[in-house]
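User: I have just opened this one and don't know my way around yet. Could you walk me through it?

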Amino acid sequence: PPILDAGIGSALEWQARRFETRTGIPCLVEVPENPPRLGDAKAIGLFRILQEALTNVMRHAQAHTVELALRVEGDELCLSISDDGCGFDTAAAWGGSSFGLVGMRERVLMLGGELEIDSQPGEGSSLRVRVPLDAGELPEPGP
């Protein structure tokens, strides 16, 4: 997507605003002031994971708010998406025909990362993606 040319932080904010416009669900976004410069495969992978997660929120969560955060933690980039919706049984979702979750997991594995989903019926949901950052992707240290 062309928006990725502006960097992963800008692309995530842009996608969150589109989600808000389409659904009317507020999306709180937290991105670093100086986000890492990602290679194309990693940027596209994370962006597609975000799109799938927001699609799931729109279709299934019945959420009132969504929180999205991108953080650099050591030599990893962490993307988290949380909602205050109806939640779901994660064991049943992994065992069922949830192609969206399977696709997200495959994307994360291709990036050498980890995907964690926490949810229970009635408790909302949170998804966390951790991917390693290469030396050239690490942000410059601040003053």
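Analyst: Keeping in mind that this is a predicted model, we can start with Asp-134, which lies in the segment after strand 5.

User: Is Asp-134 buried, exposed or partly exposed?

Analyst: Asp-134 has a relative accessible area of 47%, so it is partly exposed, since that class covers values between 20% and 50%.

User: And how far is Asp-134 from Gly-39?

Analyst: Along the sequence Asp-134 and Gly-39 are 95 residues apart, while in space their C-alpha atoms are 9.2 Å apart.

User: What does Lys-42 touch, leaving out residues up to four places away in sequence?

Analyst: Asp-134 is one of the residues that Lys-42 touches, and Leu-111, Val-131, Pro-132, Leu-133 and Glu-137 are the others. The side chain of Lys-42 also reaches the backbone oxygen of Pro-132, at 2.6 Å.

User: Where does Lys-42 sit, then? Buried or exposed?

Analyst: Lys-42 belongs to helix 2, and with a relative accessible area of 8% it is buried.

User: How long is helix 2?

Analyst: Helix 2 covers residues 40-61, which is 22 residues, and from its first C-alpha to its last it reaches 30 Å, close to the 32 Å expected at 1.5 Å a residue. After helix 2 comes Gln-62, with a positive phi near 55°.

User: Switching to the strands: what does strand 3 pair with?

Analyst: Strand 3 (residues 76-83) is joined to strand 2 (residues 66-73) by 8 bridges, and these two run antiparallel. Strand 3 also pairs with strand 5 (residues 125-132), again in the antiparallel sense and over 8 bridges.

User: Which residues face each other there?

Analyst: Between strands 2 and 3, Val-66 has Asp-83 as its bridge partner, and in the pairing with strand 5, Leu-79 stands opposite Val-129.

User: What is between strand 2 and strand 3?

Analyst: They form a hairpin with 2 residues between them, and Gly-74 in that turn has a positive phi of about 65°.

User: How many residues of strand 3 are buried?

Analyst: Strand 3 is mostly covered, with 6 of its 8 residues buried. One residue to look at in strand 3 is Ser-80, which counts as buried because its relative accessibility is 16%, and the cut-off for buried is under 20%. Apart from neighbours within four places in sequence, Ser-80 is in contact with Glu-67, Leu-68, Ala-69, Arg-71, Leu-127 and Arg-128.

User: Leu-127 is on that list; what else does it contact?

Analyst: With neighbours within four places again left aside, the contacts of Leu-127 include Ile-49, Ala-53, Leu-79, Ile-81, Met-104 and Leu-115. Ile-117 is also in contact with Leu-127, and the two residues are bridge partners.

User: So how are strand 4 and strand 5 arranged?

Analyst: Strand 4 (residues 114-119) runs antiparallel to strand 5, and 6 bridges join them. The two form a hairpin with 5 residues between them, where Gly-122 in the turn has a positive phi of about 85°.

User: Last topic: which residues have the most contacts inside the largest nonpolar core?

Analyst: That core has 35 residues, and those with the most contacts inside it are Leu-46, Val-66, Leu-68, Leu-79, Ile-81, Leu-127 and Val-129. Helix 1 (8-23), helix 2, strand 2, strand 3, helix 4 (99-110) and strand 5 each supply at least two residues of this core.

User: Which element gives the most?

Analyst: Helix 2 does, with 9 residues.

How values were computed: Residues numbered from 1 in each chain as written. Predicted model: local features only at pLDDT ≥ 70, side-chain atom pairs only at ≥ 80, totals over all residues. Heavy atoms only, no water. Buried < 20%, exposed > 50% of the residue type's maximum accessible area, 1.4 Å probe, protein only. Helix = DSSP H or I, 4+ residues; strand = E, 2+ residues; numbered from the N terminus. Pairing = 2+ DSSP bridges. Expected span 1.5 Å × (residues − 1). Core = buried A, V, L, I, M, F, W, Y, C linked by side-chain atoms within 4.5 Å. Contact = heavy atoms within 4.5 Å. Polar contact = N/O pair within 3.5 Å; in protein donor to acceptor, adjacent residues only side chain to side chain.
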